[in-house]
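Reader: Hi! I have a few minutes before my next meeting. Could you walk me through this one?

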Amino acid sequence: PPKGKKHSYCFTIYVLDCELDLQANTMKKGFLKRAEGHILQKGRLTAEFESPKSGGKRDRSIAKRDNP
């Protein structure tokens with residue numbers, strides 16, 4: 001993100017009942033199609049990242065965690 005601006009990242013974690021054989025370039029739509037019927041649980045993690053305005057230490061902090 002640009003210096004001094006916050007940017008949110010949202011990660012969805014899936015618990016499956018099997019291992020999927022996927023290509024390295026599989027996109028989300030392809031993953032979800034192959035995972036259909038195998039998803040036991042899912043959770044979401046949202047994190048914020050903000051670059052320093054001028055040099056200095058980066059601020060990486062987890063904003064919230066929810067379990068839909």
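Author: Happy to; we can go from the overall layout to a few side chains.

Author: One thing up front: this is a predicted model.

Reader: Good to know. How many helices and strands does the protein have?

Author: There is one helix, together with three strands. Along the sequence they come in the pattern β-α-β-β.

Reader: And what share of the residues count as buried?

Author: The figure is 13% of the 68 residues. The protein exposes about 6,000 Å², and carbon and sulfur atoms supply 50% of that area.

Reader: What about contacts, how much comes from residues 24 or more positions apart?

Author: Such pairs make up 56% of the contacts with a separation of 6 or more.

Reader: Switching to charges. How many salt bridges does the structure hold?

Author: Just one. In that salt bridge the side chains of glutamate 48 and lysine 6 meet, at 3.5 Å from N to O. The two residues are 42 apart and the pair links distant parts of the chain, with lysine 6 in strand β1 and glutamate 48 in strand β2, which covers residues 39-50.

Reader: Remind me, why can side chains like that pair?

Author: Opposite charges can pair when the charged atoms come close.

Reader: Fine. Is lysine 6 buried or exposed?

Author: Lysine 6 counts as exposed because its relative accessibility is 55%, and the cut-off is over 50%. Glutamate 48 has 27%, so that residue counts as partly exposed.

Reader: New topic: which residues form a nonpolar patch on the surface?

Author: Tyr9, Phe11 and Ile13 do, with about 280 Å² of accessible area together.

Reader: Where does tyrosine 9 sit?

Author: Tyrosine 9 is in strand β1, which runs over residues 6-16. Phenylalanine 11 is found in strand β1 too.

Reader: How exposed are those two, then?

Author: Tyrosine 9 has a relative accessible area of 35% and is partly exposed. Phenylalanine 11, at 42%, also counts as partly exposed, because the range for that label lies between 20% and 50%.

Reader: Which residues does phenylalanine 11 touch?

Author: Leaving aside residues up to four places away in sequence, phenylalanine 11 touches Gly43, Arg44 and Leu45.

Reader: And how far is phenylalanine 11 from threonine 46?

Author: In space they are 6.3 Å apart, C-alpha to C-alpha, while in sequence the separation is 35 residues.

Reader: Lovely, thanks for the tour!

Methods:
Residues numbered from 1 in each chain as written. Predicted model: local features only at pLDDT ≥ 70, side-chain atom pairs only at ≥ 80, totals over all residues. Heavy atoms only, no water. Patch = residues over 30% accessible without salt bridge, like charges linked within 9 Å, V, L, I, M, F, W, Y side chains within 5 Å. Areas by Shrake-Rupley, 256 points an atom, 1.4 Å probe, with all protein chains shown as cover. Salt bridge = Lys/Arg side-chain N within 4 Å of Asp/Glu carboxyl O. Helix = DSSP H or I, 4+ residues; strand = E, 2+ residues; numbered from the N terminus. Buried < 20%, exposed > 50% of the residue type's maximum accessible area, 1.4 Å probe, protein only. Contact = heavy atoms within 4.5 Å.
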